[in-house]
Amino acid sequence: MFIRKRRGWEIPEREATPEALYLDRRTLVRGLAAGPLLLAGGGLAGCYEQATASHDDVQVAEAPPDPTAGLYPVTRNLRYRIDRPLTDEEDAVTYNNFYEFGSHKTIHRAAQALKIRPWTVTIDGMVEEPMTIDIDALIRKMPLEERVYSHRCVEAWSMVVPWSGFPMAKLVELARPLSSARYVVMRTFHDPELAPGQRQHWYPWPYLEGLTMEEATNELAFMVTGVYGKPVPRQMGAPLRLAAPWKYGFKCIKSIVQFSFTDMRPVSFWEEIQPREYGFWANVNPEVPHPRWSQATERTLSGGRIPTKLYNGYGEFVQHMYKDMEGERLFA
Ligand SMILES: Nc1nc2c(c(=O)[nH]1)N[C@H]1C(S)=C(S)[C@@H](COP(=O)(O)O)O[C@H]1N2
Ligand SMILES: [Mo]
């Protein structure tokens, strides 16, 4: 299981413990048998307790510290508000869809196999100049902020997540697309040796998703690099994933390695597998049922069912993009 600790955003800034520091302390605490270090500061006692409680968690202990850990927590942008409490971190990071590591919800341990450094992101296609950029250089170029968004899966469960990251519009700006570009296509890493799901050849790997240029530069489209005041964990799509909260969760592609600008609408991963059930637009709409179930309500990971909202409650930001598109299948 993941180490249970206080959440970064719940405690005063001066008390927040970035993951890298935390792991260092843990190693130190173990190596030096704790005694002298515990005198160093009030905060350490808590860390020591947590370290002993989770000493059997080999994977977490052996993971090298994330080089961006010191960047978090970042300031929350209060423009995006939501009338539901945050989902408990433990629940959010242990209930995931990431088919590269299995077709069930408890892939969080298996996903620790993902190597997230070195990691490069390629920007190509209809751009002034293609480029490949190191993830740490990219993250440090970008204005990081926190946004609390609702995250609604097409399977009718949802959570409320404090993502950290930067507006996708900033990435598009960096990419300098040609005026002829109409879509951004995003691809996940492809490494069947590392990701067992990718050995299941009936899936069209690598995972692929796309947005129109207008959607990608909509203020809500957000590139995620962190969550709960820390770098985003592997199972949630480290080191870079999308959050497009007005759409079903499958649009929110994880562990992205490539952004290609094009004038052709891509066929995304789920659309290719089952076009009858999953389309390109995939906007949330409670009145348009999935062929196999209703989308009228959703089960929150915190417990209980709530009504689902059109565009997942983000209509004011996005509905103008879909005016005069009657012929299109805009929902799921
Ligand atoms: N590469 C990749 N991205 C993916 C998926 C996946 O299987 N592989 N699953 C999608 C689906 S169906 C959902 S609901 C969300 C889940 O995100 P979460 O696990 O962070 O809640 O990720 C999306 N992004
Ligand atoms: Mo999903």
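How many bridges join β4 to strand β7, and do they run parallel or antiparallel? The legend for the view of β4 gives the answer, and the other legends walk through the rest of this predicted model.

**Figure 1. Overview of the predicted model.** Let's start with the whole protein, which is shown here as a prediction. Its secondary structure comes to 10 helices and 12 strands. Of the 332 residues in the protein, 54% are buried. Consider next the contacts with a separation of 6 or more: residues 24 or more positions apart account for 72% of them. The accessible surface comes to about 15,000 Å², and carbon and sulfur atoms contribute 53% of that area.

**Figure 2. Strand β4 and its pairing partners.** Here is the answer to the opening question: 5 bridges join β4 to β7 (residues 222-227), and the two strands run antiparallel. Within this pair, F166 stands opposite M223 of β7. Strand β3 (residues 145-152) also pairs with β4 in the antiparallel sense, over 8 bridges. The bridge partner of E145 in β4 is G165. A parallel pairing is found too, with 2 bridges joining β4 to strand β11 (residues 297-300). There, S158 stands opposite T300 in β11. Strand β4 covers residues 157-167, and 11 of its 11 residues are buried, so the strand is largely enclosed by the rest of the structure.

**Figure 3. The hairpin turn between β3 and β4.** Zoom in on the link between these two strands and you will find a hairpin with 4 residues between β3 and β4. One residue to look for in the turn is A156, which has a positive phi of about 75°.

**Figure 4. E145 in strand β3.** Is E145 buried or exposed? This residue is found in strand β3. Its relative accessibility is 16%, and buried means under 20%, so E145 counts as buried. The side chain of E145 makes two polar contacts that are worth finding in this view: one with the side chain of N77 at 3.0 Å, and another with the side chain of R147 at 2.5 Å. Leaving out residues up to four places away in sequence, E145 touches V74, T75, N77, Y80, W163, S164, G165 and F222. G165 in that list is also the bridge partner of E145 in β4.

**Figure 5. R84 in a loop, reaching S158.** Where does R84 lie? Look in the loop between α4 (58-62) and α5 (89-92). From there, the side chain of R84 makes a polar contact of 3.1 Å with the side chain of S158. Not counting residues up to four places away in sequence, R84 touches S150, S158, M159, V160, E298, T300 and I306. Two residues in that list, S158 and T300, also stand opposite each other in the pairing of β4 with β11.

**Figure 6. The five-stranded open sheet and helix α7.** In this view, 5 strands form an open sheet in the order β2-β1-β10-β5-β6, with mixed pairing. Its edge strands are β2 (131-134) and β6 (208-212), each of which pairs on one side only. Neighbouring strands of the sheet are turned by 20° against each other on average, direction ignored. Strand β5 (residues 183-188) and β6 run antiparallel and are joined by 5 bridges. The bridge partner of M186 in β6 is E209. Helix α7 (residues 168-175) lies across β1 (120-125), β2, β5, β6 and β10 (256-262), running at about 65° to β10.

**Figure 7. T262 in strand β10.** T262 is found in strand β10. Its relative accessible area is 17%, against a cut-off of under 20%, so T262 is buried. The side chain of T262 reaches the backbone nitrogen of M264 at 2.9 Å. Setting aside neighbours within four places in sequence, T262 is in contact with M126, A181, R182, Y183 and V185. P177 and T262 are 85 residues apart in sequence, with 9.0 Å between their C-alpha atoms.

**Figure 8. The surroundings of ligand 1.** Which residues are closest to ligand 1? They are Y99, E100, H151, C252 and K254, out of 18 residues that surround the ligand. A polar side-chain atom of E100 lies 2.8 Å from a nitrogen atom of ligand 1. For H151, a polar side-chain atom lies 2.8 Å from an oxygen atom of the ligand. An N or O atom in the side chain of R241 is 3.0 Å from an oxygen atom of ligand 1. Taken alone, ligand 1 exposes 530 Å², and the protein buries 99% of that.

Definitions and conventions:
Residues numbered from 1 in each chain as written. Chains lettered and ligands numbered in written order. Predicted model: local features only at pLDDT ≥ 70, side-chain atom pairs only at ≥ 80, totals over all residues. Heavy atoms only, no water. Pairing = 2+ DSSP bridges. Axes fitted to C-alpha atoms, helices over the stretch in contact; angles between N-to-C directions. Contact = heavy atoms within 4.5 Å. Near = heavy atom within 4 Å. Polar contact = N/O pair within 3.5 Å; in protein donor to acceptor, adjacent residues only side chain to side chain. Areas by Shrake-Rupley, 256 points an atom, 1.4 Å probe, with all protein chains shown as cover. Buried < 20%, exposed > 50% of the residue type's maximum accessible area, 1.4 Å probe, protein only.
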